[in-house]
Structure formats: C-alpha cells, structure tokens
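Visitor: I have a model open here and would like to go through some of its local features with you. Could we begin with the terms you use for accessibility?

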Amino acid sequence: MPARTRTVTAVAAALVLGLAAGPLAVPAFAASSTAPRTATAGTVTTGPDTAALRAALAGLPDADATAALVRVGGTDGRWLDSGGVHDLASGRAADPDALFRAGSTTKVVTAAVVLQLAAEGKVDLGAPVQRYLPGLLSPAFKPVSVRQLLNHTSGIQAGDGFGDSFADAYAHRFDTLAPRQVVASAVAKGPEFCPGKRQHYLNINYTILGMLIEKVTGHSYASEATRRVLRPAGMLHTYFPGTDPRIRGPHNLGYQAVKRADGTTEFVDVTEWNQADRWAAGDMISTTADLERLTVHLFRGELVPEPQLKEMFTVPSGIDGATMSAGLERFEYGGRVYWLKSGGRYGYTAVMAATRDLSRTLVYSVNATDAKGEEMNPVALRIAMAALKQ
C-alpha cells in the first residue's frame, strides 16, 4: 500500500479551510443527471441545514462523484436523502440503502474489539504488543504498546502494496496480498520514530491489531468483530469480504477518473476489488444505516464499557498536532466538538461522525471518482459542511 501521510484529518482540514473491460468514456453528466432520490427525506425544525444538504446533492452525477447517500441524525433533528445514479451506463437512480466499501471506518470496529478485550483483562493497553505477538517486530523496535497502535503513535512504518499508482494497484485488483506480508514489509523498514513521540496515521497499526485480536482470542478477526460489535450494534448488513472482490448485495457502482493520453477523462469501474490487505484496517462493507447504528451504540457505551470507552475520546497529550484517539479523531467546528472516522477506497468514500452527546450525527457514502486523492472530495465536503452547520 502507498505510504500515504494523508489521514482522516482531511475532513477536518477541508472544513476548517473553508481497467475492467471497456472503461466508460466521460459521460454527459448534465444529460444523465437524475433528481436526488429521497430515502426517507424529512423536514426538521431544528438541526441541519436541509436546503444546503439538498444543494450538496444536486447535479449528481458530476465529475467528482456519481452518487451520494446521506444520513443526518441526533436529538437536533433527522434528514435522509440520496442523489446520483446506480451506474453511469443505465443512469437509473442510486439505491439509497446500498452497500458500499466503508474503508477505514473499519478501524472503529477494530478499536472496539481491542477495548473489549482490555475490559475483560485479556489485553493490557499499556503492555508492549511484543508480549502478545513475539517475534513480529524486529529487535530494531523499542516496545510498542497496544495503546500506541490504537492512537497511531507506534512509529511503525507503512507496509508495501502492489504499487503507488492507480494503474499499478488496478492491475492487481483481483490478487491477494496477505496482511502478514504487509506487516513483514513494514517491519523490514525499521521504525520511523520512537514510540509515543509523534502521531502518524497508518493502516499498519490496525493490521497488527487484527493479528493481536486473532492471537488473543484464537478466532478469526472477522468472526470476533462480527460477534462482539456488528451483531450487538444491529449491523445486519455489514460484513468483511476477505478475498472476495465483489460487494454482495445491492450496491451502487464505484468509478475512478483516469486521464487518457489525449487529455480526456474516462471513468473506470472499480467496484470489484480484492481488499484483503486492508483487513482490520479497512476492508469492511457496510451501509449508512449500519454505520449510524455503530455510532449510536458505541457513543452510548453499549459496545465498550467504561473506563475503556474513554480511550476513544482521549487524544494523547504531549504530542504536537495530535488529533486521533483509539479509532476516532477529534474535530472542532462551529463551536462543537465532533468525533469522526473517514474511510476511502477506490470508488467510495465514507464518514461517520457525531458529537459526544449524540445531538448531531452524520454518516455519508460518496461514490467519489478520486476517493484516494490527496484532497477531500468536493461533494463530500459540501455534505459535511451542510450537515455540521449550526
């Protein structure tokens, strides 16, 4: 996987600053655009700016996204809607209840499982991961605590993938890269910094946490995450695909915008993709309703007991610029503090966010045409600004 330094802070920063066979050519977006389809569109007297939210979805599909599913909730009010198309070829309306690649929101589930194990006395958050996974890290590494993996202060570098470019990754989209191979390539690079001295968001931390879960429980990561988090939260449509490149169930297609040699753009279908290397860090497939359920049950303390839940709402002190906790990120906007997690895979980008008291929640999935870009997708940015506006 590319050693990206982009993190979930893309959401915060952006808000603060204001080739499957026969890839499709650039569609006539204006001609194929459909009116936003309402899942359960409602009117609210308080809460989110519904006019701004409708405007954020207007005109889809466009060059930045082909579809968007939005779910705003909380005690302030509720608003659900969707826009865009199921696929560019047919132009039919996007399925508002569609499954999608939830990317790094998977980390919230992984963190919850580890914190449950800590509550049960099976894992000591302050203990080095070397205690649980002896021999995984080389002698070049100082002790790395489980907590440092959770809040991305481990100093372990990113593992390697099938290449740094879209073309390289796309050529291997049906191939399997095992998590252990990814970890081995990261360990071979040696530490990036002394554990606890900096915060650098990387998938490798949660890949190792997935291995920790399996070692401590004796069961697969997917089975433990499903039993401990997905089922108790009522996330009946969420699952971990493993090496299966398909999205099983109703879904809107994902596309990547690719420049041709002549300067024009084609939209390549990237819906099917083996995400095995992302594993406990980002291979989950979910729905907006399920991610909302996860947010609510988690924030209410129904999945992780106190005091372990505090880890999810505590940013490490003494580290300049640190914003990430165990599985979440702190973000202040419009006089409110939100805790969020974003995720991005080719063709799909998602966010789950909420205030600690659940007065405002936001979940969206945007079929972004450059979901792995360095900048926040413009459609996602419009949705976030409208949903969090006071």
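Guide: A residue is called buried under 20% relative accessible area, exposed over 50%, and partly exposed in between. Please keep in mind that this is a predicted model. With those cut-offs, Ala222, at 28% relative accessibility, counts as partly exposed because its value falls in between.

Visitor: Where does Ala222 lie?

Guide: Ala222 lies in helix H10, which covers residues 221–230. Its C-alpha atom is separated by 9.0 Å from that of Pro241, and the two residues are 19 residues apart along the chain.

Visitor: Let's switch to Thr176, then: which loop is Thr176 found in, and is Thr176 buried or partly exposed?

Guide: Thr176 is found in the loop that runs between helix H7 (166–171) and helix H8 (179–188), and at 45% relative accessibility this threonine counts as partly exposed.

Visitor: And what does Thr176 touch, leaving out residues up to four places away in sequence?

Guide: With those residues not counted, Thr176 touches Phe162, Gln181, Thr243, Asn274 and Ala276. Thr176 and Trp273 are 97 residues apart in sequence, while the distance between them in space is 9.9 Å, C-alpha to C-alpha.

Visitor: Since you mentioned H8, which residues of H8 are buried, and what do they pack against?

Guide: In H8 the buried residues are Pro179, Val182, Val183, Ser185, Ala186 and Val187, and the buried residues of this helix pack against helix H9 (203–217) and helix H11 (279–282). H8 is followed by Gly190, which has a positive phi, near 80°.

Visitor: Which residues other than glycine have a positive phi?

Guide: Two that I can point to are His152, with phi near 60°, and Trp279, with phi near 40°. His152 lies in the loop between helix H6 (146–150) and H7 and is buried, with a relative accessible area of 3%. Trp279, by contrast, lies in helix H11, and at 15% relative accessibility Trp279 counts as buried.

Visitor: Which residues lie nearest the centre of the second largest cavity?

Guide: They are His152, Tyr201, Gly327, Leu328 and Lys341, out of eleven residues that line the second largest cavity. So His152, whose relative accessible area of 3% makes it buried, comes up here again as one of the residues nearest the centre of that cavity.

Visitor: What volume does that cavity have, and how does its lining divide by class?

Guide: The volume of the second largest cavity is about 40 Å³, and its lining has six nonpolar, three polar and two charged residues.

Visitor: Changing topic to helix packing, at what angle do H3 and H13 pack?

Guide: Helix H3 (residues 50–57) and helix H13 (residues 378–388) pack at an angle of about 175°, and their axes are 8 Å apart. Angles over 145 degrees count as roughly antiparallel, and the two helices are therefore roughly antiparallel to each other.

Visitor: Which residues meet there?

Guide: On the H3 side they are Ala52, Leu53, Ala55, Ala56 and Leu57, which meet Val379, Arg382, Ile383, Ala386 and Ala387 in H13. By class, the residues of this contact divide into nine nonpolar, no polar and one charged.

Visitor: Where are there cis peptide bonds?

Guide: One is the peptide bond from Leu60 to Pro61, with omega near 5°, and Pro61 lies in the loop between H3 and strand S2 (65–73). Another is the bond from Glu306 to Pro307, where omega is near 0°, and Pro307 is found in the loop between H12 and S8.

Visitor: What about Ser317, is it buried or exposed?

Guide: Ser317 is exposed, with a relative accessible area of 70%, and this serine lies in the loop between H12 and strand S8 (329–333). Ser317 and Gly196 are 121 residues apart in sequence and 9.8 Å apart in space, C-alpha to C-alpha.

Visitor: One last residue: where is Thr288, and what is it in contact with?

Guide: Thr288 is found in helix H12, residues 288–299, and is buried, with a relative accessible area of 4%. Leaving aside its neighbours within four places in sequence, Thr288 is in contact with Leu69, Arg71, Pro96, Phe100, Val363, Tyr364 and Ser365.

Note on methods
Residues are numbered from 1 along each chain as its sequence is written. This is a predicted model: local features need pLDDT of at least 70, side-chain atom pairs count only at pLDDT 80 or more; totals for chains, interfaces and linings use all residues. Side-chain values use heavy atoms; hydrogens and water are left out. On a 1 Å grid over the protein atoms alone, a cavity is a set of points where a 1.4 Å probe fits but cannot get out, and a pocket is an open set with protein on both sides within 12 Å along at least five of seven lines; lining residues have an atom within 4 Å of a point. Grid points are joined across faces, edges and corners, and a volume is the space filled by probe spheres set on the points. Ala, Val, Leu, Ile, Met, Phe, Trp, Tyr, Cys and Pro count as nonpolar, Asp, Glu, Lys and Arg as charged, and the others, Gly among them, as polar. Axes are lines fitted to C-alpha atoms, for helices over the stretch in contact, and angles run from 0 to 180 degrees between N-to-C directions. Helices (H or I, at least four residues) and strands (E, at least two) are DSSP runs, numbered from the N terminus. Angles under 35 degrees count as roughly parallel, over 145 as roughly antiparallel, 65 to 115 as roughly perpendicular and the rest as oblique. Contact means heavy atoms within 4.5 Å. Buried means under 20% relative accessible area, exposed over 50%, partly exposed in between (1.4 Å probe, protein chains only).
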